[in-house]
Amino acid sequence: MASITERIRDLVEAAESQIPTMRHAGALEAQRVRLLGRDHGLLTAIFTEIGSLPKDQRAAAGQAANEAKRRIEALLARELAALDADAVESNLKQREDLTLPPRPVRIGRLHPVTATIREVSRIFGTMGFETIEGPEIETDYYNFEALNIPPGHPAREKWDTLWVSNPLGDDPKMPLLGRTHTSPMQVRVMEKRQPPIRVVIPGRCYRYEATDAIHESILHQYEGLAIDESLTMADLKGVLYSFARQVFGSKSNVRFRPDYFPFTEPSAEIAFSCVICDGKDPRCHTCGGDGWIEAAGCGMVHPDVLRRVGYDPDRYQGFAFGGGIERLAMVISGTPDIRLFAQNDLRFLESF
Ligand code: DAH
């Protein structure tokens with residue numbers, strides 16, 4: 001076996017050839033720990049060994065070990081200083097012309113769909129509606145069945161559905177789809193909470209659509225739901241009129257017409273007067289010339305929907321409404337084509 005002095009010499013030689021090649025302070029520190037570290041340093045171990053040598057060998061070995069320690073420490077210090085100097089040097093070389101005018105900072109902005117969602121939430125918030133969100137991938141049950149649209153119901157044809165398959169395996173009893181509207185959240189909320197309920201749910205929906213100026217296969221809706229002990233159609237009208245006034249100002253008019261939805265009874269359609277032409281331009285692109293822009297479906301929540309979530313319809317009633325965010329954004333901003341919202345064309349987005 002090599003003698004202690006030989007091993008000390010080998011350690012110093014290895015250190016002297018390796019340490020100068022290291023380019024990072026971290027690597028130098030790792031070497032220091034490896035050689036001189038208090039617990040497991042190689043040289044530290046040798047010092048311990050020296051303590052148990054026969055007396056006559058101790059002095060020479062101790063001297064050699066001390067000398068080795070001094071050299072290694074000096075070497076590490078020298079290399080660390082050299083790295084520091086290099087860093088200063090290369091910083092100094094990077095000259096910057098501080099007299100140049102600053103580059104313009106491009107500040108982003110909210111996408112018009114996001115801005116509209118926030119505005120809708122803010123306005124309904126002033127009337128006590130809490131904003132919540134729900135899943136974009138939905139089950140057949142919540143999207144259709146719980147809303148009185150069983151398999152085979154003709155209303156299913158109104159929603160051109162995009163079915164999705166589950167990568168973990170499909171459950172034939174629970175088909176999945178990209179939700180075609182935000183209405184399934186009515187049921188999810190009622191299952192979780194007890195009245196009084198006042199919520200608004202903005203979110204993305206999916207439909208198998210041929211796109212045109214007013215249809216997109218990915219769209220956003222806002223859904224509203226209010227359940228309490230004495231709500232009537234008058235409350236629904238009041239809330240939606242107030243919404244229209246806050247979005248379009250006091251000159252806007254609201255039209256309420258009977259409509260049909262399986263999950264509300266009675267159901268209605270609400271339209272806002274055209275803020276672009278005020279009904280005066282028969283060729284208006286925004287309203288198509290009739291002066292009204294269909295904005296939302298609405299109605300009193302169907303008693304069967306209430307029963308399904310365990311509410312007693314003799315005690316609780318409520319209203320619901322659902323409209324398109326892009327439609328609203330189009331009217332607010334005078335945007336002629338819904339497809340512009342998803343094209344990511346900065347010339348369009350920066351105009352907001
Ligand atoms: N979910 C319907 C649609 O996408 C709109 C709707 C109608 C929502 C009536 C409602 C409602 O909450 O009560 O066409």
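**Note on salt bridges and nonpolar cores**

1. Asp-140 is buried, its relative accessible area being 8%, where buried stands for under 20% relative accessible area, exposed for over 50% and partly exposed for what lies in between (1.4 Å probe, protein chains only). The model is a predicted one, in which local features need pLDDT of at least 70 and side-chain atom pairs count only at pLDDT 80 or more, while totals for chains, interfaces and linings use all residues. Residues are numbered from 1 along each chain as its sequence is written, and side-chain values use heavy atoms, with hydrogens and water left out.

2. The partner of Asp-140 is Arg-156, and their side chains form a salt bridge with an N to O distance of 2.9 Å; the term requires a side-chain nitrogen of Lys or Arg within 4 Å of a carboxyl oxygen of Asp or Glu. This pair links distant parts of the chain, 16 residues apart, with Asp-140 in helix H6 (140-143) and Arg-156 in the loop between H6 and strand E3 (163-164). Helices (H or I, at least four residues) and strands (E, at least two) are DSSP runs numbered from the N terminus. Arg-156 is also buried, at a relative accessible area of 16%.

3. Across the whole structure, the search finds 20 salt bridges. One of them joins Asp-304 to Arg-307 at 2.6 Å, N to O, and because these two residues lie three apart in helix H9 (residues 303-308), about one helical turn separates them. Asp-304 is partly exposed, with a relative accessible area of 33%. Elsewhere, Arg-255, Arg-257 and Glu-269 are joined into one network by salt bridges that share partners.

4. Within that network, the closest N and O atoms of Glu-269 and Arg-255 are 3.4 Å apart. Glu-269 belongs to strand E8 (residues 264-273) and Arg-255 to strand E7 (residues 254-259), so that this pair, 14 residues apart, links distant parts of the chain. Both Glu-269 and Arg-255 are buried.

5. The largest nonpolar core (buried Ala, Val, Leu, Ile, Met, Phe, Trp, Tyr and Cys residues joined through side-chain atoms within 4.5 Å) has 42 residues, and those touching the most other members include Phe-124, Tyr-222 and Phe-321. Among the elements that each supply at least two residues are helix H5 (112-126), strand E6 (218-228) and helix H8 (233-248), and H8 gives the largest share, seven residues.

6. Leaving aside residues up to four places away in sequence, Phe-124 touches Phe-129, Val-200, Tyr-222, Val-239, Leu-240, Phe-243 and Phe-321, contact meaning heavy atoms within 4.5 Å. A second, separate core has 27 residues, including Tyr-142 and Met-185.
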